[in-house]
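Thanks for coming. I have one structure to show, and I will keep it short.

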Amino acid sequence: MSWEFLAANLPHVTAALNLCAIGLLVAGLVKIKQKQWRKHRNLMIAAVVVSGLFLATYLLHKVALQVTTGEPNKKFPADAPTAARIAYFAILIPHLLLAMAVPVLALRAVYLAYKRRIVAHKRLVRYAYPIWMYVSVTGVMVYLMLYQWFPA
């Protein structure tokens with residue numbers, strides 16, 4: 001497999017992993033509301049695993065871009081409509097800032113649940129879950145804008 005192939009195709013994989021994480025997060029929320037703790041646990045562990053795969057794939061894509069283009073990121077097209085550029089950066093900036101917190105928040109939530117510190121777990125996920133969901137949804141939006149709607 002070549003670096004060019006990875007640079008061209010990994011964004012589609014990362015978007016699919018983000019979509020999968022969204023589905024797992026929603027299903028996990030539904031199951032905990034139904035008091036189905038085991039199913040909730042299994043879905044949330046799956047969400048952590050999928051998000052971990054996303055992170056590994058995302059970082060591999062950055063390396064592939066660096067090797068093939070000399071830049072670790074694909075730039076949003078300068079000739080895209082101004083409104084699209086504004087929307088893209090308005091989504092991207094908070095996405096990036098919050099994305100840095102997701103691994104820490106998710107792993108802490110898993111740890112608290114594993115240690116059966118359920119009150120602390122609930123207190124944390126009150127904030128961690130919407131942040132994780134926001135990052136996953138906006139990750140798909142960034143992908144669509146960069147690779148589907150406004151490809152260079």
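I will go through one helix and then two loop residues.

Keep in mind that this is a predicted model.

Start with helix 1, residues 3-33. Does the length fit, and what should we expect for 31 residues? At 1.5 Å a residue the expected span is 45 Å, and the end C-alpha atoms lie 44 Å apart, so the two agree. Helix 1 also has a bend of about 40 degrees, located at Asn9. A proline, Pro11, comes within four residues after that.

Leu19 sits in helix 1 as well. Is Leu19 buried or exposed? Its relative accessibility is 51%, and the cut-off for exposed is over 50%, so Leu19 counts as exposed. For a sense of distance, Leu19 and Ala106 are separated by 87 residues in sequence, and their C-alpha atoms are 17 Å apart in space.

Now the loops. After helix 1 comes Lys35, with a positive phi near 60 degrees. Lys35 belongs to the loop that joins helix 1 to helix 2, the latter being residues 37-69. Most residues other than glycine have a negative phi. Lys35 is not a glycine, yet its phi is positive. With 56% relative accessibility, Lys35 counts as exposed.

Where is Arg116? Arg116 is in the loop between helix 4, residues 102-114, and helix 5, residues 118-149. Arg116 is not a glycine either, and its phi is positive at about 60 degrees. Its relative accessibility is 70%, so Arg116 counts as exposed.

That is what I have; questions are welcome.

Methods: Residues are numbered from 1 along each chain as its sequence is written. This is a predicted model: local features need pLDDT of at least 70, side-chain atom pairs count only at pLDDT 80 or more; totals for chains, interfaces and linings use all residues. Side-chain values use heavy atoms; hydrogens and water are left out. Helices (H or I, at least four residues) and strands (E, at least two) are DSSP runs, numbered from the N terminus. Buried means under 20% relative accessible area, exposed over 50%, partly exposed in between (1.4 Å probe, protein chains only). The expected span of a helix is 1.5 Å times one less than its number of residues. The bend at a residue is the angle between axes fitted to the seven residues ending there and the seven starting there.
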